[in-house]
Number of protein chains: 2
Amino acid sequence: MIIERWVPLIGWLRTYHRGLLTRDVLAAVIVTLMLVPQALAYAMLAGLPPEMGLYASMLPLVLYAIFGTSASLAVGPVAVAALMTASALSSFAAPGSPEYIGAALVLAALSGLILIAMGVLRLGFLVNFLSHPVISGFVTASGILIAISQLKHIFGVEASGHNVVDLLQALLGQWQQLNVITLLIGLGVWVYLWVCRKRLNGWLTKLGMPASWAGLMVKAAPISAVVVTTLLAWGFQLEQRGVDVVGFVPSGLPAITLPSLDQSLWLGLLPAALLISLVGFVESVSVAQTLAAKRRQRIDPNQELIALGMANLGAGVSSGSPVSGGFSRSVVNFEAGAATPLAGAFTALGIVLATLLLTDLLAFLPTATLAATIIVAVGTLIDLPAVKRTWQYSRSDGVAMVATLLLTLLHSVEVGIISGVVLSLGLHLYRTSQPHSAVVGRVPGTEHFRNVKRHQVETDEHVAMLRIDESLYFANTRYLEDTVMALAARSPSIKHIVLTCQAVNVIDASALESLEAINGRLKDAGAMLHLAEVKGPVMDRLKHTAFYHELTGQVFFTTYDAWQALAHPASESQLPATLP
Amino acid sequence: MIIERWVPLIGWLRTYHRGLLTRDVLAAVIVTLMLVPQALAYAMLAGLPPEMGLYASMLPLVLYAIFGTSASLAVGPVAVAALMTASALSSFAAPGSPEYIGAALVLAALSGLILIAMGVLRLGFLVNFLSHPVISGFVTASGILIAISQLKHIFGVEASGHNVVDLLQALLGQWQQLNVITLLIGLGVWVYLWVCRKRLNGWLTKLGMPASWAGLMVKAAPISAVVVTTLLAWGFQLEQRGVDVVGFVPSGLPAITLPSLDQSLWLGLLPAALLISLVGFVESVSVAQTLAAKRRQRIDPNQELIALGMANLGAGVSSGSPVSGGFSRSVVNFEAGAATPLAGAFTALGIVLATLLLTDLLAFLPTATLAATIIVAVGTLIDLPAVKRTWQYSRSDGVAMVATLLLTLLHSVEVGIISGVVLSLGLHLYRTSQPHSAVVGRVPGTEHFRNVKRHQVETDEHVAMLRIDESLYFANTRYLEDTVMALAARSPSIKHIVLTCQAVNVIDASALESLEAINGRLKDAGAMLHLAEVKGPVMDRLKHTAFYHELTGQVFFTTYDAWQALAHPASESQLPATLP
């Protein structure tokens, strides 16, 4: 039972049958066709040799199949993780060098260990602090950054950099080295993929193909571009005309090796590994949850941490780059009918076969083809309308999103996402430190109390009822003191101040001290402090404090009770106040 | 008018009269007597030559008198700032060296500029993030640390360190070098001051002295200890018997000089300057507010930032150590009748006179006397019962307090306070990420709805009413989704889910996306999502979103409206649901 919780495969494998097998194998074939060019392309994006993308698509997928809870999530190299890997490793070694490759394996293993630790310690809630606007702004910026970083392969020039400014400068500086054949291949594949994406589906369904099949054909378009341009490069010996190709890819399977145990390297890569882990997990879980909900299935986020951790650890010991759940491949996997995580294991088998059989051919594949594949693929990541929508709904969310987007583009992925997280937390705290509050009055004839500025309500000159729309905690204690004392100073006729606490979900120790101070100051000024609508959990704590016993006024169950006890509106006859 | 806002002196000086002058001068005399030994002692604590404490009690006090808004706050060298100064400077130079002194001036000037900038930019709210328990734990730990750091002067040995472990280790290592005469002086003064503090007040009032005068005599006790031990050291030539004395103190006023403009020094001291500024400001403002409230006066926190900033800037250009508002001196100043900030300027004059006339004598003052003065003075900072009280009231506040206290004691002041702030913010966010929520039902015969687990309430099998006791924002979106979907999954008979939003003070962009997802998932499951008691500001925003238009259910003004429209308790005849 306990083993089944940690190894979900044991559970669902018992009821596995031929029908599911057929679905999983079919899905695996289609995902494999999509994954081969992507694995090569994202390894290139990460500055790693192409075979590392293939290796990252073997053992990690098998491990995810054993530990994962999503039937649809397609694990492997993904664009954003590749970009983050390149950015993280650039400060440790030159791209492609043995040190760089070694650091990539450490990064994968470290991400794996972080994810596993978070899963075991049930720390999945940590990803909650990556707000949707920050993630969305980060992913959009990453998409733009990735697309621009690939332009050099389309132009056939050398240019590197980790933000938009550096990349464009480097590109412009290399303008003269432009290779026309490379440019033709790159642009040709780009236009071909673009047309497939926009039109092929429509054409195929017009020709009578079922919509689902047409959709899958579109997703498999890159493999046709790979085959055609590889054959062109091979047939016309394009490498000798200056066209950059993938080159030698070792045939065979990766060796299982321990990554470097250099302590300073592990420590240095820790922040980057943490960011890659968190971003990869958030993206994987949101894809997996969306797809699971469509089939009324559930995934277990904490078990997903362990599964993704195992997959990354597997990448780290089998010469693979860091992995994550890919959005587009997962959707294809789902649409192709993948029924269990075993589809991923069959995909791994497909990649093994490709690595054993196709590497001689892949050596001729032009990098411009891969670059065009990446550029078209990351188009789905870029969502600029979301920026406008978020900005219109909430200025502070908009600020966090735009800051993340711009800093990622103009500085680096690390600074971009960290700034976004810090800014969104800071803005949240700033907002709660100056909460909304309202003086309320009675909606005539009811037991309801509403803002005197928004509604026609009854009030009493001796009773001021204040509703603070926030928990009382250290960040807003000063605001609380200022607001209550300003209210008391408004008119000397105010004898009772009622704090309506329906929105107060907690009163922390700082706020308690402030309430004590307010109670004392109001007492000196000849006014009483009352509380109303105090929630159960808050009241449980207050009861044992000195403040509760020193409170000059009462604690009422409802605001209406307080109104009945304290108020004497001039026009109505009411109960007399029950207080001396 | 605008000048008067920035320079409050111009305002109150117009109505200054002889009666106020008498009070201010009297208070200044008493504070001066108290400040002379403290200025020397806190300079020693900060690792600075004694005259720097005196210089910090001249120009800074005059500047505070010009810009300050508190009639009672006594600015000058204080214990906690001295401790933080020593800790900050220790990594830049050896205590007492010219580089160390230069760095102290930069630290004062930098603190000044930070405070002025915060005042001009109205950033006073930043101090809200120092919660009361963190400040309290930090001040208690600082008091303990200061007392232990002074033991070396009592024992007459060399020992330094910035946490309790290092200090005690150094002390034990130097045990053999103990100087008996120094120990006798130190213990003698300690016991004398202790007795004065505990008993003198009682004895004097028994002898017929008015209580206020007796209190002031107690506060002036250190000056008598200084006089007596200085005369002893001078008469018996104690310096030649190995008793450490203050030594040469230059007579005369400090020169006005610019502090070093070494950029790396400024950058290196920036974090420490920020901490000293924030802690000093929090302590000063809370003392000033407490004392102002007793006389029904108000202080302006943002103007206090500017005044304390000017005082520190003044210290930085006149060879003074960083300054702040002192707790005990301010209370004495208040009790002695200080009527305006001019009392501080008169205190500065007193210190100038002391520096001109007494420095030849002060050279013989034993450092053990100063150490005993410090130890007794910081006793008021240590408040261990507060730890127990806070722990009992709130576990998370208690954790933040204890962590601040222990880390300050065992590691360093910087790590202690930063950990406290980060921990209190983290615990607050963690709590709001897993908010309290309750399924509610109707209190029979009323329009009120309460937790079904705490109260006898009516419910309806088709209607689930959920009250989330927290604003909906990125940190709790996952919790929201999980809670609502789990509620919907409880029973297939649930057709309506009503989210009661009386405690929801904001719905941010992340939560809006989650509500959209919940609405869609409930729709697929054949249930409708309704909202009730949405606050005005929240509703204003929701109205313009796609979610509002796609909402399957309605938005009700009150929970009772939702109940009337949706519920059909078996036992009562109710209105039919207004929804299809």
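Which residues in α8(B) meet which residues in α21(B)? Here are a few notes, with the reminder that this is a predicted model.

1. **The helix contact.** From α8(B), the residues involved are V134(B), F138(B), S142(B) and L145(B). Their partners in α21(B) are V413(B), I417(B), G420(B), V421(B) and S424(B). Sorted by class, this contact has six nonpolar and three polar residues, with no charged ones.

2. **How the two helices lie.** Helix α8 of chain B covers residues 132–149, and helix α21 of chain B covers residues 413–433. Their axes are 10 Å apart, and the packing angle is about 165°. Angles over 145 degrees count as roughly antiparallel, and α8(B) and α21(B) are therefore roughly antiparallel to each other. As for handedness, α8(B) passes α21(B) in a right-handed crossing.

3. **Where chain A meets chain B.** Moving on to the two chains, 64 residues of chain A are in contact with 65 residues of chain B. About 5,900 Å² of area is buried between chain A and chain B, and carbon and sulfur atoms give 54% of it. If you would like some residues to look up on the chain A side, try Y393(A), F474(A) and R478(A): these lose the most area to chain B, together 14% of what that side buries.

4. **Domains of chain A.** The domain assignment splits chain A into domain 1, residues 2–425, and domain 2, residues 437–566. Between the C-alpha centres of domain 1 of chain A and domain 2 of chain A, the distance is 54 Å. Of the chain A residues named in point 3, Y393(A) is among those that lose the most area to chain B.

Conventions
Residues are numbered from 1 along each chain as its sequence is written. Chains are lettered from A and ligands numbered from 1 in the order in which they are written. This is a predicted model: local features need pLDDT of at least 70, side-chain atom pairs count only at pLDDT 80 or more; totals for chains, interfaces and linings use all residues. Side-chain values use heavy atoms; hydrogens and water are left out. Domain bounds come from an automatic or database domain assignment. Axes are lines fitted to C-alpha atoms, for helices over the stretch in contact, and angles run from 0 to 180 degrees between N-to-C directions. Helices (H or I, at least four residues) and strands (E, at least two) are DSSP runs, numbered from the N terminus. Angles under 35 degrees count as roughly parallel, over 145 as roughly antiparallel, 65 to 115 as roughly perpendicular and the rest as oblique. A crossing is left-handed if the near helix is turned anticlockwise from the far one by less than a right angle, and right-handed if clockwise. Contact means heavy atoms within 4.5 Å. Ala, Val, Leu, Ile, Met, Phe, Trp, Tyr, Cys and Pro count as nonpolar, Asp, Glu, Lys and Arg as charged, and the others, Gly among them, as polar. Buried area is the accessible area (1.4 Å probe) that two parts lose on being put together, summed over both.
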